Amino acid sequence: MKKLILTLIAALGIVTGAQAAEGGIAWDKAPNRTTDLASLQNGAKLFVNYCLNCHSAAFMRFNRLQDLGITDQQIKDNLLFTTDKIGETMKVNMDPHQAKEWFGTVPPDLTLVARSRAGHGGTGADYLYTYLRTFYRDDTKATGWNNLAFPAVAMPHVMWELQGERRPVFEKVEANGHETEVFKGWEQVSPGAMTPMQFDQAMGDLVNYLQWMAEPAQNTRIRVGVWVLLFLLMAVVFTWRLNASYWKDVK
């Protein structure tokens with residue numbers, strides 16, 4: 001028993017150390033508005049304008065945006081930048097070899113990113129919401145940008161004109177005989193086209209769209225699932241009463 005306890009303590013220490021070594025900050029809670037069509041439409045616009053230049057969404061077709069209340073003509077007029085056909089998937093024309101040369105890695109496909117990025121810090125949406133809002137200037141990096149949620153990220157801050165430039169503020173704290181830096185907040189260096197509240201709301205819309213894109217039928221699945229469970233509950237009640245009525249004379 002003593003050996004088992006010591007083993008569990010050692011394993012816990014390894015896990016905690018691994019999490020601390022990952023760096024980054026605590027993830028903020030993402031707004032969950034996947035049923036808000038206005039939010040999803042704005043998120044789709046942001047995705048096409050800012051993300052689809054480098055990242056693809058190869059498992060999503062443009063005409064699926066009809067589910068968000070966007071007409072074919074609106075899609076053709078405002079969202080078709082990488083193809084001429086509304087039935088095509090959301091692919092980019094960037095050459096993978098050039099992308100690797102420019103960024104050091106090929107930008108990943110984002111179709112399922114809201115589901116694949118979940119971790120001990122929260123859901124994939126929480127991670128994306130935090131990541132998109134924690135870029136800061138770092139002249140030591142090739143892109144000129146860094147990120148608190150993803151230190152040394154290869155991606156530049158493509159929406160810096162909306163957010164402006166910010167600087168993270170750290171406070172030195174001594175713990176267990178070691179001095180560490182703890183993130184305390186942000187200092188705005190230059191303003192952006194949006195206020196901090198507007199930018200947070202825009203990133204919330206973008207994350208909502210990424211959540212929806214990862215599983216467009218999710219809301220329908222949940223709605224149908226509720227009705228199925230209610231039906232099964234009623235069936236259980238009827239079956240229970242029918243069983244009692246059937247066996248009452250036998251007993």
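Colleague: Ser39 lies in helix 2, residues 37-51; how should I read its accessibility, as buried or exposed?

Modeller: This is a predicted model, in which local features need pLDDT of at least 70 and side-chain atom pairs count only at pLDDT 80 or more, whereas totals for chains, interfaces and linings use all residues. Residues are numbered from 1 along each chain as its sequence is written, and side-chain values use heavy atoms, with hydrogens and water left out. Helices (H or I, at least four residues) and strands (E, at least two) are DSSP runs numbered from the N terminus. Buried means under 20% relative accessible area, exposed over 50%, and partly exposed in between, with a 1.4 Å probe and protein chains only. Ser39 counts as buried because its relative accessibility is 4%. Leaving out residues up to four places away in sequence, Ser39 touches Arg33, Asp205 and Asn208, where contact means heavy atoms within 4.5 Å.

Colleague: Which residues have the most contacts inside the largest nonpolar core?

Modeller: In soluble globular proteins, nonpolar side chains tend to be buried together. A nonpolar core is a set of buried Ala, Val, Leu, Ile, Met, Phe, Trp, Tyr and Cys residues joined through side-chain atoms within 4.5 Å. The largest one here has 45 residues, and Phe47, Leu65, Met90, Leu206 and Tyr209 have the most contacts inside it. Among the elements that give two or more residues to this core are helix 2, strand 1 (57-61) and helix 8 (196-214), and helix 8 gives the most, with 10 residues. Tyr209, apart from its neighbours within four places in sequence, is in contact with residues including Leu40, Phe47, Met60, Leu65 and Met90.

Colleague: Where is Ala118 found, and what does it touch beyond four places in sequence?

Modeller: Ala118 is found in the loop between helix 5 and helix 6, and it counts as partly exposed because its relative accessibility is 46%. Ala118 touches Trp27, Thr123 and Gly124, with residues up to four places away in sequence not counted. Ala118 and Leu128, 10 residues apart in sequence, have C-alpha atoms 9.3 Å apart in space.

Colleague: How many disulfides does the structure hold, and why is Cys51 not bonded to Cys54?

Modeller: A disulfide is a covalent bond between the sulfur atoms of two cysteines. Here it is read as a pair of cysteine sulfur atoms within 2.5 Å. The structure holds 0 disulfides. The sulfur of Cys51 is too far for a bond because the closest cysteine sulfur, in Cys54, is 9.3 Å away. Cys51 is buried, at 10% relative accessibility, whereas Cys54 is partly exposed, with a relative accessible area of 24%.
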